[in-house]
Amino acid sequence: MSEFNKDDYLNDMPDAESLQGDPASAGTGVENEAAADDQHDAAQDQQSSDQTQGSGDPQSDSDASENTLTPLGKAKKEAAEYLEALQRERAEFINFRNRSAKEQERFRQHGIIDVLTALLPALDDIDRIREHGEMDDSFKAVSAKIDKTFEKFGVEKFGEKGEEFDPTRHDAILHKPDAEASTETVDTVVEAGYRIGDRVIRAARVVVASPQQ
């Protein structure tokens with residue numbers, strides 16, 4: 001029988017580095033990691049399922065809250081809903097009323113403008129008669145009533161000698177050089193102008209005195 005040699009036995013044993021590179025050992029480590037991942041995924045799935053079951057249906061929660069209201073609470077809730085609906089209806093009615101009022105005023109002004117436009121030739125004749133002093137007392141009274149009637153409906157007559165020329169209000173039929181004029185002014189009013197508010201119905205036809213160049 002050969003004698004046991006301790007040094008030879010130790011030299012034949014594999015070292016730690018060779019064990020780490022052993023495929024069998026590596027395969028065992030991979031399998032362990034895969035098993036750990038499977039357990040982790042299963043735990044997450046179970047947690048998600050528990051959360052889903054615990055969340056419940058929002059509609060069911062709302063119904064449950066509705067059922068827990070007292071009769072007084074239900075009455076207050078219904079009253080609040082009716083009040084909100086009433087406020088919406090009131091706002092819509094106010095808007096409708098405002099639109100209707102604006103439409104009525106617009107139609108009213110159109111009617112006044114149509115009547116005024118039709119009477120412009122007669123009004124111009126009255127102004128010419130008044131300017132030449134050929135109007136008797138009875139005719140003056142009729143003319144004054146006509147002027148007051150138009151004032152009642154917001155019609156304003158404009159165009160006076162000496163006022164500054166404004167192309168948005170005056171229609172210049174002639175420009176006359178004037179040595180004394182520093183700015184363009186109305187020298188003669190041929191036909192008076194009429195307006196309602198800021199709307200000019202007819203511009204005043206005038207002769208303009210212009211500064212000499």
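Student: A cavity is a set of points on a 1 Å grid over the protein atoms alone where a 1.4 Å probe fits but cannot get out. How many cavities of 30 Å³ or more are there?

Tutor: The count is 1 cavity of 30 Å³ or more. Keep in mind that this is a predicted model, where local features need pLDDT of at least 70, side-chain atom pairs count only at pLDDT 80 or more, and totals for chains, interfaces and linings use all residues. Residues are numbered from 1 along each chain as its sequence is written, and side-chain values use heavy atoms, without hydrogens and water.

Student: Okay! What volume does the largest cavity have?

Tutor: The largest cavity comes to about 40 Å³, a volume being the space filled by probe spheres set on the joined grid points.

Student: And which residues line the largest cavity?

Tutor: Its lining (residues with an atom within 4 Å of a point) is made of Leu123, Ile126, Asp127, Arg130, Ser143, Ile146, Asp147, Lys157 and Tyr194. Two or more of the lining residues come from helix H5 (71–131), and the same goes for helix H6 (137–152). Helices here are DSSP runs of at least four residues, strands of at least two.

Student: Which of the elements gives the most to that lining?

Tutor: That would be H5, with 4 residues.

Student: New topic: what about pockets? What is the volume of the largest pocket?

Tutor: The largest pocket has a volume of about 430 Å³. A pocket is an open set with protein on both sides within 12 Å along at least five of seven lines.

Student: How many residues line the largest pocket, and which lie nearest its centre?

Tutor: There are 17 lining residues, and Asp127, Glu131, Gly159, Val189 and Ala192 lie nearest the centre of the pocket. Asp127 also appears in the lining of the largest cavity.

Student: Which elements supply at least two residues each to the pocket lining?

Tutor: H5, E1 and strand E3 (185–191) each do that for the largest pocket.

Student: E1 is a strand, right? What order do the strands take in its sheet?

Tutor: Yes, E1 is a strand, spanning 155–158. The order is E1-E4-E5, an open sheet of 3 strands with antiparallel pairing. Strands pair if DSSP finds at least two bridges between them.

Student: Which strands are at the edges?

Tutor: E1 and strand E5 (199–202) are, as each pairs on one side only.

Student: How many bridges join E4 to E5?

Tutor: Strand E4, residues 193–196, is joined to E5 by 3 bridges. Look for arginine 195, which stands opposite valine 200 in E5.
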